[in-house]
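Open the model in a viewer and keep the sequence panel visible. The stops below are given in the order in which to select them.

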Amino acid sequence: MTGPSARPDPAARPGAVTLPFGAHGPFDQVRPEYGGDSLADLLPSVLAVLGVPGATDPLGLTAQLAGVRRIAVLLVDGLGWYQLPTAAPYAPVLTDLVARTGRPLTSGFPSTTPTSLVSLGTGAAPGAHGVLGFRVNVPGTDRVLTHINWSGTADDPRAPDPDPRTWQPLPTQFELAEAAGVAVTVVSRPEHAGSGLTVAANSGGVYRGAAEVDTLATEMLAALTAGPGPTLVSGYHPDIDKHGHLSGVDSTAWREAVADLDRLLDRLVHGLPADAALLVTADHGQLNVPPDRRFDLDLDPRLRAGVRVAAGEPRVRYLHALPGAVDDVLAAWTEVLGPAAWVAPRAEAVAAGWFGPVPEAHLARIGDVVVCCRDSYAVLATRTDAPIEANLVAYHGSWTAAEMTIPLLLARP
């Protein structure tokens, strides 16, 4: 790469259309607003609307949803607030919802799918639920757990995965709702049923598989109308994130995925029963990373020196140092990355509140050194991460507005 002084192609920058509602530039730092306007606050507010005893309403949804007894929550993977103007020409239903009801929330940190799915499902900040990144080092070992490939079983003596019910110790909001008499259904990809991430994020209620847009709409609406009592349906749609990663935000494939989402929204909005509401949100945004803004920790001996395990993902790295090497790792990464990243010791990152309060049992899952990429930089690991990751176009995980800011949209009949 050419180094931190190189400027990206303007076409690669998110938010090319001026947002009428944007408080930040796309590369500005955004802090998670736990306990007020974050993704973790959504389901507690939904449970309050549905009358679950003890549920709080940090998002203030009760007045907006007066009379609602059935709620569908759709999480659209990768559709951040700052991608909405780019999506607008291909998604009239989405654009109408944004114009009429859109408000921004923040994801948790890191701004990555497994962390966000568990924050949504538990109603808790990442520090509390412990799914603290895309990949984390399993404390006491040199193993790295990739949460999206988490088998959820501990029966392989060669490489047992942590038990999701102990790795993630909190009850889910779905379990709390079901215990209070709410009919709960989770609709997601069939292959995700029973995975460690699904157990950690979505335990409670009935799981229904849906492999594509039309089936997702059918299953969500069927669950929403199945019974007379209070009902909660959670749906997950991954395709915008997938095509952003593979082809880039605003690529042809990404635009087609946005159009498919709009077809899904059209069916859901027009299929709502009279006492229902649809809430649409996301887990994070995305941004394109130009080829000349990519470091490679596996090819630069200065970045590998003193590092025992490198976890995280290209936009946010967790570095677990060899004994006595933390200061050297901090110094080397600060020097090599310069203005391309914020490099800090674990204690500083935790004290700054990025994860919310972190109990002692979860601290070692965060690296001794935390690296957050600024602007449109990334740090690859071409020899140790999955080979596909070096060939992606768009990434997420760090604390920029383009990654951290997500929408909350609302529809009622």
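Helices (H or I, at least four residues) and strands (E, at least two) are DSSP runs, numbered from the N terminus. The model is predicted: local features need pLDDT of at least 70 and side-chain atom pairs count only at pLDDT 80 or more, while totals for chains, interfaces and linings use all residues. Residues are numbered from 1 along each chain as its sequence is written, and side-chain values use heavy atoms, with hydrogens and water left out.

**Loop between helices 10 and 11**

Select aspartate 250, in the loop between helix 10 and helix 11. Its phi is positive, about 75°, although aspartate 250 is not a glycine. Most residues other than glycine have a negative phi. Because its relative accessibility is 31%, aspartate 250 counts as partly exposed; buried means under 20% relative accessible area, exposed over 50%, and partly exposed in between (1.4 Å probe, protein chains only).

**Helix 11 and its partners**

Now show both helices that flank this loop. The axes of helix 10 and helix 11 (residues 252-271) come within 8 Å and cross at roughly 175°, which means that helix 10 is roughly antiparallel to helix 11. Axes are lines fitted to C-alpha atoms, for helices over the stretch in contact, with angles from 0 to 180 degrees between N-to-C directions; over 145 degrees counts as roughly antiparallel. On the helix 10 side, select Asp239, Ile240, His243, Gly244 and Ser247, which meet Ala253, Trp254, Ala257, Val258 and Leu261 of helix 11. Contact here means heavy atoms within 4.5 Å.

Stay on helix 11 and add helix 3 (residues 92-101), whose axis comes within 7 Å of that of helix 11 and crosses it at roughly 65°. Pro92, Val93, Leu94 and Leu97 of helix 3 make this contact with Leu261, Asp262, Leu265, Asp266 and Val269 of helix 11.

**The largest pocket**

Return to helix 10, which gives the largest share of the lining of the largest pocket, 5 residues. A pocket is an open set of points on a 1 Å grid over the protein atoms alone, with protein on both sides within 12 Å along at least five of seven lines; lining residues have an atom within 4 Å of a point. Which residues lie nearest the centre of the largest pocket? Select Asp77, Thr113, Ile148, Tyr236 and Asp241, out of 44 lining residues. The space amounts to about 980 Å³, where a volume is the space filled by probe spheres set on the points, and grid points are joined across faces, edges and corners.

**Helix 4**

Thr113 leads on to helix 4 (113-122), one of the elements that supply at least two residues of the pocket lining. In helix 4, 10 of its 10 residues are buried. These residues pack against elements including helix 1 (42-49), strand 1 (70-76) and helix 7 (173-179). Glycine 123 follows helix 4, with a positive phi near 70°. On the other side, proline 110 sits in the loop between strand 2 (103-106) and helix 4. A cis peptide bond, with omega about -5°, joins phenylalanine 109 to proline 110.

**Two last stops**

Select histidine 320 in strand 12 (residues 316-321). Histidine 320 counts as buried because its relative accessibility is 2%. Then move to aspartate 375, in the loop between strand 14 (369-373) and strand 15 (378-380). Its phi is positive, near 50°. Aspartate 375 counts as buried, at 14% relative accessibility.

Conventions: 1 Å grid on protein atoms, 1.4 Å probe; cavity = no way out; pocket = protein on both sides within 12 Å on 5 of 7 lines; lining within 4 Å. Parallel < 35°, antiparallel > 145°, perpendicular 65-115°, else oblique.
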